[in-house]
Amino acid sequence: MRNPAARFLLAAALLLTGHAYAQDKKMPEDKSKRPSPPATATALVGGATVTIDYSRPAMKGRKVFGGLVPYNAVWRTGANEATIFTVDKPVKIEGQALPAGKYALFTIPGATEWTVIFNKTANQWGAYEYDQKQDALRVKVKPMKTAAPVEQFNVTTAKAGTVTMAWESTQASFKVSK
């Protein structure tokens, strides 16, 4: 095609077609329809409200820790967007200070130790753009074996301040206090 106007129109048509196709492939806007649906865990700990927004992937017969979720690598701690940890007042996590705010909650699972990470860049997809320089706090915890298999990833909170993340046959907990 030697006609510049025709080349421009063809390029514009291809771009628009590609844009429409990419939009059709987006995740459903209704997050409850996702294969890993959203969930929220909330607790009041010493006057501070702790809220954890996350997505719940399922095991589906897969080996999770040391398989689907590699050991010693940053994990989004759920599925889809990064898990969000919000606290409305300053708290302590495993005895270390964490200011009030909204954080991405990442973990680095290991066979005998997990690193729990509170990252200042709260809104991000997965852990693809995780930047360690944005970490507000890191704490180490020991994983434990669950009493029974946990098919779908689950986060629970207790009034005493314990946050427990459980999936497959593993659980890891950290303590939130005032």
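Is Thr 77 buried or exposed? In this predicted model, Thr 77 is buried, with a relative accessible area of 0%. That makes it a handy place to begin a tour of the structure.

## Starting from Thr 77

Thr 77 sits in the loop between strand S2 (48–55) and strand S3 (83–87). Because buried means under 20% relative accessible area, its value of 0% qualifies. Its side chain makes a polar contact with the side chain of Thr 107, at 2.9 Å. Setting aside residues up to four places away in sequence, Thr 77 touches Tyr 54, Thr 83, Leu 105, Phe 106, Thr 107, Phe 153 and Met 165.

## From S2 across to S8

The strands on either side of that loop are partners: S2 and S3 run antiparallel and are joined by four bridges. In one of these pairings, Asp 53 stands opposite Ile 84 in S3. S3 itself is mostly covered, with four of its five residues buried.

Moving on, S3 is also joined to strand S6 (residues 101–108), again antiparallel, by five bridges. Here Ile 84 has Ala 104 as its bridge partner in S6.

S6 then pairs with S7 in the antiparallel sense over five bridges, and a hairpin of five residues joins S6 to S7. If you would like a spot to look at, find Leu 105, whose bridge partner in S7 is Phe 118. On the way to the next strand, six bridges join S7 to S8, and these two run antiparallel. Ile 117 has Arg 138 as its bridge partner in S8.

How many of the six residues of S7 are buried? Six of the six are, so S7 is largely enclosed by the rest of the structure. In a regular strand, side chains alternate between the two faces of the sheet. In S7 both faces are covered: Trp 114, Val 116 and Phe 118 are buried on one side, and Thr 115, Ile 117 and Asn 119 are buried on the other.

## An open sheet of four strands

Four strands form an open sheet with antiparallel pairing, in the order S5-S4-S10-S9. Strand S5 (96–98) and strand S9 (144–157) stand at the edges with a single partner strand each, so one side of each is left without a neighbour in the sheet. From one strand to the next, the twist averages 50°.

Within this sheet, strand S4 (residues 91–93) is joined to strand S10 (residues 162–177) by two bridges, and the two run antiparallel. Ile 93 stands opposite Val 176 in S10.

## The nonpolar cores

In soluble globular proteins, nonpolar side chains tend to be buried together. In this model the largest nonpolar core has 34 residues, of which Phe 85, Ile 93, Phe 118, Phe 174 and Val 176 touch the most other members. S10 gives the most to this core, with six residues.

Ile 93 is a good residue to follow here. Leaving aside its neighbours within four places in sequence, Ile 93 is in contact with Phe 85, Leu 98, Phe 118, Leu 137, Val 139, Phe 174, Lys 175 and Val 176. A second, separate core of six residues includes Ala 82, Phe 106, Ile 108 and Ile 117.

## Charged pairs

The count of salt bridges comes to three. They are listed here with their N to O distances.

| Acidic residue | Basic residue | Distance (N to O) |
|---|---|---|
| Glu 113 | Lys 140 | 3.8 Å |
| Glu 113 | Lys 142 | 3.8 Å |
| Asp 135 | Arg 138 | 2.8 Å |

Glu 113, Lys 140 and Lys 142 are linked in a network of salt bridges. The pair of Glu 113 and Lys 142 links distant parts of the chain: Glu 113 lies in the loop between S6 and S7, Lys 142 in the loop between S8 and S9, and the two are 29 residues apart. Glu 113 is partly exposed, with a relative accessible area of 32%, while Lys 142 is exposed at 56%.

Where do the partners of the remaining pair stand, buried or exposed? Asp 135 counts as buried at 16% relative accessibility, whereas Arg 138, at 29%, counts as partly exposed. Arg 138 may also be familiar from the strand pairings above, as the bridge partner of Ile 117.

Note on methods: Residues numbered from 1 in each chain as written. Predicted model: local features only at pLDDT ≥ 70, side-chain atom pairs only at ≥ 80, totals over all residues. Heavy atoms only, no water. Pairing = 2+ DSSP bridges. Axes fitted to C-alpha atoms, helices over the stretch in contact; angles between N-to-C directions. Buried < 20%, exposed > 50% of the residue type's maximum accessible area, 1.4 Å probe, protein only. Polar contact = N/O pair within 3.5 Å; in protein donor to acceptor, adjacent residues only side chain to side chain. Contact = heavy atoms within 4.5 Å. Core = buried A, V, L, I, M, F, W, Y, C linked by side-chain atoms within 4.5 Å. Salt bridge = Lys/Arg side-chain N within 4 Å of Asp/Glu carboxyl O.
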